[in-house]
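Q: I'd like a close look at a single part of this model, with its surroundings worked through step by step. Could you take me through it in one connected answer?

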Amino acid sequence: MSIDLKDRIALVTGASRGIGYFTALELAKAGAHVIACARTVGGLEELDDAIQAAGGSATLVPFDLADMAAIDKLGGSIFERWGKLDILIANAGVLGVISPIDHVEAKVFEKVMNINVTATWRLIRSVAPLLLKSDAGRAVLLSSSAAHKCKPFWGPYSASKAAVEALARTWAGETQRTALRITSFDPGGTRTAMRAQAIPGEDPSTVQHPSEVAKAILPLVARDYAETGKLFDMRQGRLMDYRLPE
């Protein structure tokens, strides 16, 4: 079933490649105007070409999520031009290193937490008022099974994704009586540059393409999507509830 996102304004971070790129493209194909954010100008321009070829439209916003002042200004810029935001896809993130936790350099740990957690919080703070102006605001925050498995040597990334899910759940609880719906999304193994960095010996053809993930995200931002505060597990293809430790 096709999803109609005509006249919706969607913001996607990390839109120059991987899951962000293909999610932005799918949103545009469904009729949304995409505000595409990423550091890589060339990647954004390639995305814009693909969106235009598909009959869609986009606004390119090249900036680094480490620039907290730029994140703070983003919400104001969106408000001045569109007066609202309908969809947020908080996708951008970094892996850091695969290393024993006591061997991780402070600057590496701080970068992972800064980009994956602090920038996500700043993004929420910047655009939350705009999402609440929408008649059906939708936010999807990209997570990972690392948030729950906490495998050895994955400490910084696992901690950052657990924190992102905590932000999403808290935000969902605070807005559950509004029209805003918030979902954490665990894509599972996906053919991305980050995956190749984490597991360099893996045959990329053995994991799903990011375009498959993008198609699974789309129903979570539809006007009729009603759930909030849950985790969508791509491997299982379903929403999951959170539980306290047992």
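Which are the buried residues of α8?

A: Happy to walk through this with you. Please keep in mind that this is a predicted model. The buried residues of helix α8 are Pro210, Ser211, Val213, Ala214, Ala216 and Ile217. That makes 6 of the 8 residues of α8 buried, so the helix counts as mostly covered, given that buried means under 20% relative accessible area. As general background, an α-helix has 3.6 residues a turn, so residues three or four places apart point the same way.

What does the covering? The elements over the buried residues of α8 include α1 (18-29), β4, β5, β6 and β7. Helix α8 itself spans residues 210-217 and packs on the sheet, where it touches β4 (87-90), β5, β6 and β7 (230-233). Its direction makes about 155 degrees with that of β6.

Now to the sheet that α8 packs on. It is an open sheet of 8 strands with mixed pairing, in the order β3-β2-β1-β4-β5-β6-β7-β8. Its edge strands, each pairing on one side only, are β3 (57-62) and β8 (238-240). From one strand to the next, the twist averages 20 degrees. Another helix, α3 (residues 68-82), lies across β1 (9-13), β2 (33-38) and β3, and runs at about 160 degrees to β2.

Among the strands that α8 touches, β6 deserves a closer look. Strand β5 (residues 138-142) pairs with β6 (residues 181-186) in the parallel sense, over 5 bridges. Within that pairing, Ala139 has Ile182 as its bridge partner, and Val140 has Thr183. Strand β6 also pairs with β7 in the parallel sense, over 4 bridges. There, Asp186 of β6 stands opposite Asp233 in β7.

How covered is β6? Of its 6 residues, 6 are buried. In general, side chains in a regular strand alternate between the two faces of the sheet. In β6 both faces are covered: Arg181, Thr183 and Phe185 are buried on one side, and Ile182, Ser184 and Asp186 are buried on the other.

Asp186 brings in a charged contact as well. It forms a salt bridge with Arg235, with the closest N and O atoms 2.5 Å apart. This pair links distant parts of the chain, since Asp186 is in strand β6 and Arg235 is in the loop between β7 and β8, 49 residues away. The two partners differ in exposure: Asp186 counts as buried at 3% relative accessibility, whereas Arg235 counts as partly exposed at 46%. Elsewhere, salt bridges that share partners join Arg8, Lys84, Asp86 and Asp135 into one network.

For context, a search of the whole structure finds 13 salt bridges. Asp72 takes part in a salt bridge with Arg122, the closest N and O atoms being 2.6 Å apart. Asp72 lies in helix α3 and Arg122 in helix α4 (residues 106-131), so the pair ties together parts that are 50 residues apart in sequence. Asp72 is partly exposed, with a relative accessible area of 33%, while Arg122 counts as buried at 18% relative accessibility. Asp72 also forms a salt bridge with Arg125, where the closest N and O atoms are 3.5 Å apart. Here too distant parts of the chain are linked, with Arg125 in helix α4 and Asp72 in helix α3, 53 residues apart. Arg125 is partly exposed, at a relative accessible area of 48%.

Definitions and conventions: Residues numbered from 1 in each chain as written. Predicted model: local features only at pLDDT ≥ 70, side-chain atom pairs only at ≥ 80, totals over all residues. Heavy atoms only, no water. Pairing = 2+ DSSP bridges. Helix = DSSP H or I, 4+ residues; strand = E, 2+ residues; numbered from the N terminus. Axes fitted to C-alpha atoms, helices over the stretch in contact; angles between N-to-C directions. Contact = heavy atoms within 4.5 Å. Buried < 20%, exposed > 50% of the residue type's maximum accessible area, 1.4 Å probe, protein only. Salt bridge = Lys/Arg side-chain N within 4 Å of Asp/Glu carboxyl O.
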